[in-house]
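New to this one? Have a look at the sequence and the fold below, and then we'll walk through a couple of spots together.

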Amino acid sequence: MIDFHSHIIYDIDDGSKSIEESLEMIENAKQEGSKYICATSHYMVGSYEPEREVYIEKLKSLREKVDGIEIAEGLEVYMEPSLPSLYKKEKIWGINKGKYMLIEFPMREVPKYSKDILYEMTVLNVTPIIAHPERNSRLRNDIKLLEEFIEEGYLLQMNASSLVGFHGDEVKTFAETLVKRNMIHMVGSDGHNVKRRNTNIKEGVLRIKELNPELYSWIKENQHNIFNGEDVQPLEIKEEVIKKKGLFSFLRGK
Ligand SMILES: [Fe+2]
């Protein structure tokens, strides 16, 4: 599997605090069956603005010390009106030098300007990947907005931990709905450390296989294309199954 989301670069955001911790996180990723891991450090204007040179230097120092797993570059970019200009200035970059960029929204909202900014990014040949939509309360209450994003050609990344209840029942139930409806395209650990927010993905991936074998196969077949910056053709969104009381049950007085 490919872990598309992690904070394994040390001393750059709120993820790994040291090179030793990074190496432990990467070792854990290997144990979890990840063959590739994207080092998607936060880029959040005003809080985390990693310099590319510093980022690359740390990435290289980790690559030198590990084998059996490939570490790819990336960022988790926080939604912000200046994203197109930051990209033009090469301050922010995509996954594995490709066209896909991991973008996160604030936890409880999707700012009004988001649709325009995401569209502007596509004009710059960037394809947005929405980071862990299941964790965003606005999106949990408005699945139609996620359907629109998919229809626009954007992809959705789910945290494996959401499917095992790490973020609570509400997030877990919504994550399951997204899986059942073919509304995710890749998984990530979103690992920040070696403790609670680790680089585990195995259990969550297994859950996808149980809930929707067709989607599991699609992810396995297409994840390398995404990783390599190539186009993919997502599975069609499945309709929501709404349990309604039928007319006859009404007539029967039930
Ligand atoms: Fe993250």
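## The iron site

Start with the sequence: the residues that hold the iron ion follow the spacing H-x1-H-x68-E-x113-D. Keep in mind that what you're looking at is a predicted model. In 3D, those donors turn out to be His5 and His7, each through NE2, plus Glu76 through OE and Asp190 through OD, at 2.1 to 2.2 Å from the metal.

What is the geometry of the site of the iron ion? It's irregular, with angles of 81 to 173° among the four donor atoms. As for the two histidines, His5 counts as buried because its relative accessibility is 0%, and His7 counts as buried at 0% too.

## Helix H4 and its two sides

Now move along to helix H4, which covers residues 114–123. Which residues are buried here? They're Ser114, Ile117, Leu118 and Met121. Looking down the axis of H4, these buried residues fall within an arc of 100°, so they line one face of the helix. The general pattern helps here: an α-helix has 3.6 residues a turn, so residues three or four places apart point the same way.

Flip to the other side of H4 and you'll find Asp116, Tyr119 and Val123, which are exposed.

## What H4 packs against

The buried residues of H4 have several partners: helices H3 (83–88) and H6 (143–151), along with strands E4 (100–104) and E5 (127–131).

One last stop: just after H4 comes Asn125, whose phi is positive, at about 70°.

Technical notes: Residues are numbered from 1 along each chain as its sequence is written. This is a predicted model: local features need pLDDT of at least 70, side-chain atom pairs count only at pLDDT 80 or more; totals for chains, interfaces and linings use all residues. Side-chain values use heavy atoms; hydrogens and water are left out. Donors are N, O and S atoms within 2.8 Å of the metal (3.2 Å for Na, K and Ca); water is not among the atoms, so sites may look incomplete. Four donors count as tetrahedral if all angles lie between 85 and 135 degrees; four count as square planar and six as octahedral if opposite donors are over 155 degrees apart and all others between 65 and 115; anything else is irregular. Buried means under 20% relative accessible area, exposed over 50%, partly exposed in between (1.4 Å probe, protein chains only). Helices (H or I, at least four residues) and strands (E, at least two) are DSSP runs, numbered from the N terminus. The arc is that of the directions from the helix axis to the C-beta atoms. Contact means heavy atoms within 4.5 Å.
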